[in-house]
Structures are given as structure tokens and as C-alpha cells.
Amino acid sequence: MATTIVRPRTTTSTPETAPRAHKALRHLGPNWYASVMGTAIVANAGAILPYQLPGQRVVCQIVWALSAVALAALLTARAGHWIHHRDQARAHLLDPAVAPFYGCLSMALLAVGGATLIVGKDLIGTGAAVAVDAVLFTAGTAIGLVMAVAVPYLMVVRHKVEAKQATPVWLLPLVAPMVSAALGPLLIPHLPAGQPREAVLLACYAMFGISLFATLLMLPLVFGRLIVGGPLPLALTPTLFLVLGPLGQSTTAVNQLADMAPGSIGAPYAGALGAFAVVYGVPVMGFALLWLALATAMLIRAARNGMGFAMTWWALTFPVGTCVTGAAGLARHTGLTAFAWLASALFLALLTAWLLAAAHTLRGLAAGRLLVG
């Protein structure tokens with residue numbers, strides 16, 4: 001009886017013949033970190049609202065756990081992207097439409113770290129929560145400061161951009177240090193009294209300045225493009241809400257830092273920083289509400305013109321969440337019920353946007369539409 005020898009088939013490792021899992025990662029960009037940011041901010045904002053409903057904190061704990069799992073999964077997937085599709089990863093850095101999203105990595109780490117210390121400590125204990133937040137805060141801050149320099153550098157020397165290409169996405173790497181400024185105060189009470197606390201407090205104010213002045217340089221380009229060039233493409237319309245990020249987050253930062261100032265820095269600075277939280281926060285929140293109204297009007301217009309789902313919908317979550325935390329901080333420092341109601345109303349808008357974005361994202365992943373070129 002003849003013996004048949006079956007030889008194994010050999011294949012080459014190219015993007016076309018790579019394993020399906022690897023091919024699915026090829027178009028997984030840094031913009032996906034926005035989904036982690038948008039999920040974590042729901043837990044953060046919900047836990048610090050002036051008004052709390054029965055079971056609200058438990059829901060926030062569940063959402064925090066979901067954001068932590070999503071962050072771990074996405075970090076693993078993005079590592080695979082860099083390992084198996086390094087050419088595409090480099091192309092993302094050289095693409096002016098994609099490179100700014102590298103700021104989202106920093107903010108995702110910071111948001112999950114902050115949520116861990118705000119609500120995650122109920123499940124894993126304060127000691128573990130402080131350790132986790134310290135690691136995520138350190139990594140997120142370092143990455144954020146690097147991207148705040150690297151992305152603008154690439155835009156100047158490598159990217160070929162024109163004024164008509166300006167979008168709020170350009171703000172993303174510049175907002176990351178502001179997120180550090182807003183969430184860094186959570187760690188201050190766990191530091192030794194004296195210079196360690198004062199150093200972190202002032203470092204957070206320094207990052208507040210980095211982000212604020214960089215945003216003031218970039219925002220006129222974005223608004224000028226809208227005035228001269230007209231509305232953004234339909235899929236990019238939700239990114240108008242990204243402008244709320246530095247506004248709401250800076251208001252959150254000054255209020256959080258004011259809370260920690262009395263135990264970190266002496267008079268007269270502690271009292272002055274408390275006054276600064278209100279003097280700065282109220283006007284900025286007013287402008288944030290103006291921009292929110294403009295962005296909402298543009299979003300309604302885009303929806304009427306047939307805007308479909310895109311990952312840009314996640315821009316409706318994190319920036320609005322920063323306005324929730326900013327309004328809650330102002331309610332805490334002014335005692336005004338109006339700010340408490342504002343925070344609650346904005347949180348309802350945040351929750352609605354998150355549910356819509358999450359549902360469409362899961363549906364798109366299940367159908368295989370979101371990970372194609």
C-alpha cells in the first residue's frame with residue numbers, strides 16, 4: 001500500500017495573509033482610547049455629583065470596573081498593533097488627522113486612575129487604589145507631557161497641514177496636561193505633609209498653565225476655520241464638543257486644587273487659590289455653556305443632514321463630563337444650588353451620550369464595521 005506524505009503548507013506573514021486577529025488590529029488607532037476616557041468620566045462625574053440617588057455609587061463602581069477592563073484590553077490590542085503593524089502605527093504618527101489622538105492614551109490612563117481612587121477604592125481598598133492611581137497618574141502625566149510637545153512638533157516639521165484642516169482634534173494632545181492638573185490633587189492627601197504636597201500642588205498648577213496657554217494659542221485657529229471654511233464634515237461634527245475639554249477640565253482643576261491648598265501651602269496663597277477657583281471657574285463655565293449651545297446646534301444640523309455613527313461620537317462624552325465635574329466644583333465652593341442643578345443636567349446629557357456611543361460601538365464591533373480601513 002502506497003504511503004502518502006502530506007507536507008505542511010507554508011505561508012508568508014504579510015498584512016493580507018496574517019492571522020485574522022492581527023488583521024483586525026491593523027486599523028485600531030489611538031482614537032479608541034476616547035471610549036475609555038468617556039466611560040471612566042461617567043464614574044468620576046457620577047460619584048461627585050451634589051445630588052446622589054440610592055444605588056448611584058454602585059452603578060459608578062460598575063462603570064469604573066468596565067473602564068478598567070476596557071483600558072487593559074485596549075492597551076493589549078494597541079501593543080499588538082505596534083508589534084504586528086508597525087508601518088501603520090508610524091503612518092498614524094505622520095498623519096495630521098490621527099497623530100493628535102495620541103493624547104487620548106494619556107487621558108485614558110489618567111481618567112481610569114482617578115476613577116480608581118474615587119470609586120474603585122470601595123472595591124479594592126484605599127491602599128490598592130492609591131497604588132494603582134499613582135502608577136496610572138505617573139504614566140499618564142509623562143505620556144501627556146511628551147505628546148504635548150511631540151505632536152505639535154510633528155505638525156510643524158513633518159505634517160503638511162493647511163488652515164482649512166484645523167479641527168478641535170488638534171486640541172487633544174494639549175488637553176492632557178490639564179487632566180493631570182485636575183486629577184493630581186486626588187493623590188495629595190496620601191503624600192507626606194510639607195514639601196511633597198506643596199510640590200505636587202504647584203506642579204499641577206504648572207500643568208494647568210501649560211495646557212491653558214497652549215489651548216489659547218490653538219483655539220483661534222479652530223474657530224477661525226469654522227468661520228471662514230464653514231461647518232465641519234458630518235462625521236467630524238461631534239468633535240466640536242472637544243473644545244469643552246480644556247474649559248471644563250480647567251474649571252475642575254482649579255476647584256480640586258483649591259480643596260487641597262489649605263493642607264499643602266501656607267497663607268496667603270491657600271486663600272487666594274480658593275478665590276481663584278471661583279474667579280476663574282465661573283467665567284470659563286459661562287463660555288463653556290455658550291460653546292455647548294453652539295456645538296449642539298451644529299450637531300442637530302449634522303443629524304438632520306444624515307450624520308451616521310462614527311467613533312467621533314465619543315467626543316460627546318469626556319468633554320461634557322469635565323463640565324459636570326467643573327460645575328460640581330463650583331457648586332461646592334460657591335454653595336449655589338444653580339451650579340448643583342447644572343452639574344446634574346449636564347450629567348444626564350453625559351449619560352445619554354455615553355449610552356448611545358457605547359451601544360453603537362458594540363454593534364459596530366459585532367458587525368465588523370469599525371476595524372476596517
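Colleague: Rings of Phe, Tyr and Trp (its six-membered ring) pair if their centres lie within 6.5 Å, and planes under 30 degrees apart count as stacked, over 60 as edge-to-face and the rest as tilted. How many aromatic pairs does the structure hold?

Modeller: The structure holds seven aromatic pairs. In one of them, Tyr 51 with Trp 341, the ring centres are 5.4 Å apart and the planes stand at 50 degrees, so this pair is tilted.

Colleague: Which parts of the chain does the pair of Tyr 51 and Trp 341 tie together?

Modeller: Tyr 51 sits in the loop between α2 (33–48) and α3 (56–84), while Trp 341 belongs to helix α12 (residues 337–367), so the pair ties together parts that are 290 residues apart in sequence. The helices are DSSP runs of H or I with at least four residues, strands are runs of E with at least two, and both are numbered from the N terminus.

Colleague: Before we go on, what kind of model is this, and how are the residues numbered?

Modeller: This is a predicted model, in which local features need pLDDT of at least 70 and side-chain atom pairs count only at pLDDT 80 or more, whereas totals for chains, interfaces and linings use all residues. Residues are numbered from 1 along each chain as its sequence is written, and side-chain values use heavy atoms, with hydrogens and water left out.

Colleague: Back to the rings: is Trp 341 buried or exposed?

Modeller: Trp 341 has a relative accessible area of 57% and is therefore exposed, whereas Tyr 51, at 36%, counts as partly exposed. The cut-offs are under 20% relative accessible area for buried and over 50% for exposed, with partly exposed in between, using a 1.4 Å probe and protein chains only.

Colleague: And what sort of pair do Phe 309 and Trp 313 form?

Modeller: The pair of Phe 309 and Trp 313 is edge-to-face, with 5.2 Å from centre to centre and 80 degrees between the planes. Phe 309 is partly exposed at 25% relative accessible area, while Trp 313 is buried at 15%.

Colleague: Which residues do ring pairs link into a cluster?

Modeller: The cluster is made of Phe 208, Phe 276 and Tyr 280, linked by ring pairs.

Colleague: Changing topic, what does the secondary structure come to?

Modeller: The protein has twelve helices and zero strands.

Colleague: How does the overall size look against a compact globule?

Modeller: For 373 residues, a compact globule would have a radius of gyration near 21 Å, and the protein has 22 Å, which agrees; the radius is taken over C-alpha atoms, and the globule rule is 2.2 Å times the number of residues to the power 0.38. Along the principal axes, the C-alpha atoms fill a box of roughly 95 × 50 × 45 Å. Of the 373 residues, 52% count as buried.

Colleague: What share of the contacts join residues at least 24 apart?

Modeller: Among contacts between residues at least 6 apart in sequence, 82% join residues at least 24 apart, where contact means heavy atoms within 4.5 Å.

Colleague: Let's look at helix α3; what is Leu 74 in contact with?

Modeller: Leu 74, which lies in helix α3, is buried at 8% relative accessibility. Leaving aside its neighbours within four places in sequence, Leu 74 is in contact with Leu 28, Trp 32, Tyr 33 and Val 36. The C-alpha atoms of Leu 74 and Pro 30 are 9.4 Å apart, although 44 residues separate them along the chain.

Colleague: And where is Gln 61, and is Gln 61 buried or exposed?

Modeller: Gln 61 is also in helix α3 and is buried, with a relative accessible area of 13%. Apart from its neighbours within four places in sequence, Gln 61 is in contact with Val 119, Asp 122 and Leu 123.

Colleague: What about Arg 57, then; which residues is Arg 57 in contact with?

Modeller: Arg 57 lies in helix α3 and is partly exposed at 30% relative accessible area. With its neighbours within four places in sequence set aside, Arg 57 is in contact with Ala 47, Ile 118, Val 119, Lys 121 and Asp 122.

Colleague: Last one: where is Asp 95 found?

Modeller: Asp 95 is in the loop between α4 (86–93) and α5 (103–124), where Asp 95 is partly exposed at 29% relative accessible area. Beyond its neighbours within four places in sequence, Asp 95 is in contact with Pro 100 and His 159.
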